[in-house]
Amino acid sequence: MPLVTVHFGDRDYLVPFVRHCLAVAGHLFFMGDARTGVFLHSLEAEHPRTFIHINVTDQLNQGAREYYRAYCAKHTSPNDPTFEFLCIYRSFLMAQFLARYHQPALFHVDTD
């Protein structure tokens, strides 16, 4: 079963997180934006077959921005609308992953 995470942006804890996942599971599909890809580029070089970064920036530019605008227009939570949207959008990205890679299931692990 593929081990998958979704994270946007660069954070210091991502490198140890990825290293831990690789040590425990032996692989990781990391869905993130372009900033995350630059931050984790060295890990892709170190683990070319077991650490796969999937840049979702293109998907965010295709349709997600419309969904984001609609969500923010109706957002009533006291939480930050961008953060809340990304939490919801994570589910859509994982569904796309399952369809694209013809997987019946995945295990999602949170980065923090």
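Begin with the largest pocket of this predicted model, an open space with a volume of about 360 Å³. To find its middle, select His7, Phe8, Phe83, Leu86 and Arg90, which lie nearest the centre of this pocket among the 15 residues that line it.

Next, colour strand 1 (3-7) and helix 5 (81-100), each of which supplies at least two residues of the pocket lining; helix 5 gives the largest share, with four residues. If you then colour the lining by residue class, you will see six nonpolar and six charged residues, together with three polar ones.

Keep helix 5 selected and turn to the enclosed space, since a search of the whole structure finds one cavity of 30 Å³ or more. About 70 Å³ of space lies in this largest cavity, and to display its lining you should select Met31, Ile54, Val56, Gln59, Leu93, Gln96, Phe97, Arg100 and Tyr101. Here too the largest share of the lining, four residues, comes from helix 5. By class, the cavity lining divides into six nonpolar residues, two polar residues and one charged residue.

Finally, move to the surface and select Tyr67, Ile88 and Phe92, which form a nonpolar patch with about 250 Å² of accessible area together. Within this patch, Tyr67 can be located by following helix 4 (residues 57-74). Is the side of the model at Tyr67 best described as buried, partly exposed or exposed? Tyr67 is partly exposed, because its relative accessible area is 30%, a value that falls between the 20% under which a residue counts as buried and the 50% over which it counts as exposed.

Terms used. Residues are numbered from 1 along each chain as its sequence is written. This is a predicted model: local features need pLDDT of at least 70, side-chain atom pairs count only at pLDDT 80 or more; totals for chains, interfaces and linings use all residues. Side-chain values use heavy atoms; hydrogens and water are left out. Patches are made of residues with over 30% relative accessible area and no salt bridge: like charges are joined within 9 Å, nonpolar side chains (Val, Leu, Ile, Met, Phe, Trp, Tyr) within 5 Å. Accessible areas come from the Shrake-Rupley method with a 1.4 Å probe; for residues, only the protein chains shown count as cover. A salt bridge is a side-chain nitrogen of Lys or Arg within 4 Å of a carboxyl oxygen of Asp or Glu. Buried means under 20% relative accessible area, exposed over 50%, partly exposed in between (1.4 Å probe, protein chains only). On a 1 Å grid over the protein atoms alone, a cavity is a set of points where a 1.4 Å probe fits but cannot get out, and a pocket is an open set with protein on both sides within 12 Å along at least five of seven lines; lining residues have an atom within 4 Å of a point. Grid points are joined across faces, edges and corners, and a volume is the space filled by probe spheres set on the points. Ala, Val, Leu, Ile, Met, Phe, Trp, Tyr, Cys and Pro count as nonpolar, Asp, Glu, Lys and Arg as charged, and the others, Gly among them, as polar.
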